[in-house]
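Good morning, everyone, and thank you for making time for this. I would like to walk through one protein chain with you, slowly enough that nobody gets lost, so please have the sequence and the picture open as I speak.

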Amino acid sequence: MRYTFAAGFVVLLLLVGAPQAAAQERWSADLQGGPAFTTKDFGDAELSSGLGLDATISYRLQKHLWIYGGWGYHHFNTENSFAGADIDVEETGYLLGLRYQHPMCFSPAALYIRAGATLNHVELEDNEGELVSDSEHGVGWEAGAGVSIPVGSRWSITPGVRFRSLSRDIEIGTATTPVDLNYVSVEAGVSYLF
């Protein structure tokens, strides 16, 4: 069933028709969000599926090459961890990278790939919303791909998938635990050219 849906979605993307955005537009404002699925335990904890949101501004450097920067937030939960029971894991911070976007054959839609660095931190909060620990900001990375589907001269719908990785140390009392927050994010988004 999933493969049938995926194949149908790809065919739909190839058949979608809408006017291309004006070539002189050099900036875009983008908003992406969706579920996130961890690919590795967080220390000794198994995180539940999460949810995230990113807002970026992009500038066209060349015909198909953009530079982007922005801010993102992802939230996960775990029932049991080294930090206690029912802990919320929140990753927030900044992202900067490059996106290569190229039109598809026989379609106004475009495929894109992106890669960049993140400057994020991880906060652990208890079930009352009190801060348990903050990892401080550190450098991570992200890579992703997707499709940009024009729905007018300036707007596009941008479904995609992205992988993110961040390694930090979490201090609880006198104990320091190294953690890796690795996850795949399945995103739906919108983009506005200006």
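Before I point at anything, one definition: when I say helix or strand, I mean a run assigned by DSSP, with at least four residues for a helix and at least two for a strand, and the numbering starts from the N terminus. Please also keep in mind that this is a predicted model. With that vocabulary, I can tell you that Ser81 is placed in strand 3, and I will come back to that residue later on.

Let me begin with the whole chain. It holds one helix and ten strands, and if you read along the sequence the order is α-β-β-β-β-β-β-β-β-β-β. Of the 194 residues, 43% are buried, and the accessible surface comes to about 10300 Å², with 63% of that belonging to carbon and sulfur atoms. If we take the contacts with a separation of 6 or more, 62% of them are between residues 24 or more positions apart.

Now to the strands themselves. Strand 3, which covers residues 65-81, runs antiparallel to strand 4, and 16 bridges join them. The two form a hairpin with two residues between them, and if you look for one specific pairing, Leu65 has Tyr100 in strand 4 as its bridge partner. Moving on, strand 4 and strand 5 are also paired in the antiparallel sense, over 16 bridges. Here the hairpin has six residues between its strands, and Phe106 in the turn has a positive phi of about 60°. As an example from this pair, the bridge partner of Asp88 in strand 5 is Glu125.

Let us return to Ser81. Is Ser81 buried or exposed? Its relative accessibility is 17%, and because buried means under 20%, Ser81 counts as buried. Leaving out neighbours within four places in sequence, Ser81 is in contact with Asp44, Ala45 and Ile87. Glu46 is another residue to find in your picture, as it lies 35 residues from Ser81 in sequence while the two C-alpha atoms are 7.8 Å apart in space.

Next, the inside of the model. In soluble globular proteins, nonpolar side chains tend to be buried together. In this chain, the largest nonpolar core has 14 residues, and those with the most contacts inside it are Phe42, Leu47, Phe76, Val89, Val122, Leu124 and Leu181. The elements that contribute two or more residues are strand 4, strand 5, strand 9 and strand 10, and it is strand 10 that gives the most, with three residues. If we follow Leu47 and again set aside residues up to four places away in sequence, we find that Leu47 touches Thr38, Phe42, Phe76, Asn77, Thr78, Val89 and Leu181.

There are nonpolar residues at the surface as well. A patch of about 520 Å² is made by Leu31, Leu53, Val151, Trp155, Ile157 and Val190. Leu53, to take one of these, lies in strand 2, residues 50-60, and is partly exposed at a relative accessible area of 41%.

My last topic is charge. A search of the whole structure finds nine salt bridges. In one of them, the side chains of Glu25 and Arg154 meet at 3.3 Å, N to O. This pair links distant parts of the chain, 129 residues apart, with Glu25 in the loop between helix 1 and strand 1 and Arg154 in the loop between strand 7 and strand 8. Glu25 counts as buried, at 9% relative accessibility, whereas Arg154 is partly exposed, at 31%.

Which residues form a salt bridge with Arg162? One is Glu142, with the closest N and O atoms 2.8 Å apart. Glu142 lies in strand 7 and Arg162 in strand 9, so this pair ties together parts that are 20 residues apart in sequence. Another is Glu187, where the closest N and O atoms are 2.4 Å apart, and that pair connects strand 10 with strand 9 across 25 residues. Glu142 and Arg162 are both buried, and Glu187 is buried too. These residues belong to a network of salt bridges that links Asp54, Arg114, Glu142, Arg162, Arg164 and Glu187.

Methods: Residues are numbered from 1 along each chain as its sequence is written. This is a predicted model: local features need pLDDT of at least 70, side-chain atom pairs count only at pLDDT 80 or more; totals for chains, interfaces and linings use all residues. Side-chain values use heavy atoms; hydrogens and water are left out. A nonpolar core is a set of buried Ala, Val, Leu, Ile, Met, Phe, Trp, Tyr and Cys residues joined through side-chain atoms within 4.5 Å. Buried means under 20% relative accessible area, exposed over 50%, partly exposed in between (1.4 Å probe, protein chains only). Contact means heavy atoms within 4.5 Å. Patches are made of residues with over 30% relative accessible area and no salt bridge: like charges are joined within 9 Å, nonpolar side chains (Val, Leu, Ile, Met, Phe, Trp, Tyr) within 5 Å. Accessible areas come from the Shrake-Rupley method with a 1.4 Å probe; for residues, only the protein chains shown count as cover. A salt bridge is a side-chain nitrogen of Lys or Arg within 4 Å of a carboxyl oxygen of Asp or Glu. Two strands pair if DSSP finds at least two bridges between them.
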